[in-house]
Amino acid sequence: MQVTFGTPSPEASGVIAHVVNQGETPAGLEGALVEGAAASRFTGKPGQVFEGFATRDGVTVRVALAGAGESDADSRRANLEKAGAALAAKYLRSGVKAMSLDLSGAGLSAEDAAAVLLGLRLRSWRHDVYRTKLADEKKATLESVTVTASPKGTEKAWEIQAAIAEGSEFTRTLVAEPANKVYPVSFVHLCEKAFSGTGAELTVLDEDQMEELGMGALLGVGQGSRQPSRLLAIRWNGGGDEAPTVFVGKGVTFDTGGISLKPGAGMEDMKWDMGGAGAVAGGMLALVKRKAKANVVGVVGLVENMPDGNAQRPGDVVTSMSGQTIEVINTDAEGRLVLCDALHWAQEQYKPKRIIDFATLTGAMIIALGHEHGGLFANDDDLANDLLQAGKDSGDALWRMPIGPAYDKLIDSPIADIKNVGPRGAGSITAAQFLHRFIKNGTHWAHCDIAGMVWADKPGATWDKGATGFGARLIERFVANTLER
Ligand code: BES
Ligand code: MN
Ligand code: ZN
């Protein structure tokens with residue numbers, strides 16, 4: 001969906017939209033509209049939309065009022081995104097092709113106005129590329145939104161939000177694509193395309209190079225697949241000579257469980273087991289597109305976990321790049337095996353100030369937090385608090401979980417240095433402890449288990465059902481809050 005500023009051609013104005021605060025009578029709107037809205041119990045609650053008609057300059061026009069909640073609400077920005085998203089949801093498939101949007105009311109600042117546009121843009125994203133027989137009335141029609149009036153500075157504020165939208169959309173596309181389209185090599189290609197000409201520097205390691213480096217844990221996961229594994233690093237140097245912040249993502253492009261095969265029901269969901277890598281790639285794209293003043297690197301470990309004659313077996317012992325040996329008790333606990341080599345390599349390569357990983361790591365995380373928060377684990381309180389704040393600001397919410405030596409003990413192995421699963425209890429925490437063993441002393445580290453967040457079974461604030469884009473906005477906001485001030 002295209003957002004432009006200016007005057008739409010008259011035939012293009014399918015609907016004219018205004019944003020309305022809760023409990024305020026909007027100034028300048030026709031009395032009939034205001035009365036109609038009140039009669040249909042429109043109060044301006046966030047996400048409410050009223051549609052009516054008015055005569056303007058002698059022609060009858062369709063007018064939509066979008067509720068933005070109370071003007072002094074703590075969640076003002078989120079409410080404004082919801083107002084935009086509600087307009088998108090209502091008109092996306094309505095037959096209307098173009099919307100005019102008047103953002104001059106409701107006491108909006110330029111940033112507020114840009115939040116409405118971000119909601120509109122994110123909620124109108126779809127992935128219909130494989131739907132060749134979509135009925136006409138189900139096809140999206142809304143193509144463009146023209147902002148006809150807005151506070152000073154809105155265009156500039158929108159440039160930043162548009163970069164964020166691009167990043168989120170990239171994450172969603174990577175997550176939504178099936179595993180026969182997005183596999184390690186094609187993930188890299190999609191990134192090469194997305195980042196080409198941006199000034200970001202991409203490094204790709206193939207299997208021979210990873211073998212050379214001793215990444216036995218990551219390679220062990222991929223060895224049952226016909227698809228060769230890859231490690232991809234995306235570097236953006238926008239912030240002088242400070243040590244970089246590194247984001248690491250789990251990119252299991254399909255997780256069958258391997259020889260510890262998953263049950264059939266719902267296995268198709270495991271196409272989005274690269275959601276951590278998708279979040280990192282999309283977060284980096286947002287930062288690069290808005291030319292962030294920060295040194296950041298995104299590293300993603302890309303593998304496909306398949307059962308095969310050459311697949312690794314339960315009980316195998318592999319040697320990670322760090323030198324630590326790992327007993328593979330369960331080949332379905334593969335994400336940590338991929339991440340431990342990616343984390344170690346990233347620390348060696350970049351000597352980062354802090355390292356933050358994103359992974360759809362455990363089903364237990366969904367049992368603990370459902371689909372409302374990602375789980376956050378950290379060895380540093382300041383880093384944890386910065387991430388929690390970025391989560392609140394961006395809408396990609398996190399909730400902190402504990403780590404500690406008593407949990408760490410649970411993954412000692414009788415034959416190797418460490419085993420890849422603990423007992424039944426605290427499955428998300430022992431997974432985090434596993435990763436922690438690969439963090440060098442003194443490096444600030446956080447781990448976000450986003451298993452419950454990357455895919456939605458029902459529409460949410462700014463997404464339809466399907467890929468949510470979770471993580472991209474979190475990364476972008478964390479960098480804005482913590483590194484760019
Ligand atoms: N990718 C899964 C975790 C997952 C499950 C994400 C469901 C989203 C939805 C991960 O690789 C996995 O299989 N984890 C196992 C770990 C267990 C074997 C210790 C799990 O959670 O069951
Ligand atoms: Mn698994
Ligand atoms: Zn997995």
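The legends below describe close-up views of a ligand site, a pocket and a cavity in a predicted model.

**View 1. Residues that surround ligand 1 in the predicted model.**
The shell around ligand 1 holds 17 residues, and Lys262, Asp273, Asp332, Glu334 and Gly363 are those that come nearest. Sorted by class, this shell around ligand 1 consists of six nonpolar, four polar and seven charged residues. Two secondary-structure elements, strand S9 (245–255) and helix H10 (363–369), each contribute at least two residues to the shell around ligand 1.

**View 2. Polar atoms of Lys262, Glu334 and Gly363 beside oxygen atoms of ligand 1.**
In the side chain of Lys262, a polar atom lies 2.8 Å from an oxygen atom of ligand 1, and an N or O atom in the side chain of Glu334 is likewise placed 2.8 Å from an oxygen atom of the ligand. Gly363 takes part through its backbone, where an N or O atom lies 2.7 Å from an oxygen atom of ligand 1. Of the 520 Å² that ligand 1 exposes when taken alone, the protein buries 77%.

**View 3. The second largest pocket, set between two domains.**
This pocket encloses about 470 Å³ of space, and 20 residues form its lining, with Arg126, His127, Asp128, Asp464 and Lys465 lying nearest its centre. Helix H4 (154–176), strand S18 (455–456) and strand S19 (466–467) are the elements that give two or more residues to the lining of the second largest pocket. Because domain 1 (2–152) and domain 2 (163–482) both supply lining residues, the second largest pocket lies between them. By class, the lining of this pocket divides into nine nonpolar, two polar and nine charged residues.

**View 4. The largest cavity and the residues that line it.**
When the whole structure is searched, one cavity of 30 Å³ or more is found, and the volume of the largest cavity is about 40 Å³. Its lining is formed by Gly220, Val221, Gly224, Gly258, Ile259, Asn305, Met306, Ala311, Gln312 and Thr331. Four of the residues lining the largest cavity are nonpolar and six are polar, while no charged residue is present in that lining.

Key:
Residues are numbered from 1 along each chain as its sequence is written. Chains are lettered from A and ligands numbered from 1 in the order in which they are written. This is a predicted model: local features need pLDDT of at least 70, side-chain atom pairs count only at pLDDT 80 or more; totals for chains, interfaces and linings use all residues. Side-chain values use heavy atoms; hydrogens and water are left out. On a 1 Å grid over the protein atoms alone, a cavity is a set of points where a 1.4 Å probe fits but cannot get out, and a pocket is an open set with protein on both sides within 12 Å along at least five of seven lines; lining residues have an atom within 4 Å of a point. Grid points are joined across faces, edges and corners, and a volume is the space filled by probe spheres set on the points. Helices (H or I, at least four residues) and strands (E, at least two) are DSSP runs, numbered from the N terminus. Ala, Val, Leu, Ile, Met, Phe, Trp, Tyr, Cys and Pro count as nonpolar, Asp, Glu, Lys and Arg as charged, and the others, Gly among them, as polar. Domain bounds come from an automatic or database domain assignment. A residue is near a molecule or strand if one of its heavy atoms lies within 4 Å of it. A polar contact is a pair of N or O atoms within 3.5 Å; within protein, one must be able to donate a hydrogen and the other to accept it, and residues adjacent in sequence count only if both atoms are side-chain atoms. Accessible areas come from the Shrake-Rupley method with a 1.4 Å probe; for residues, only the protein chains shown count as cover.
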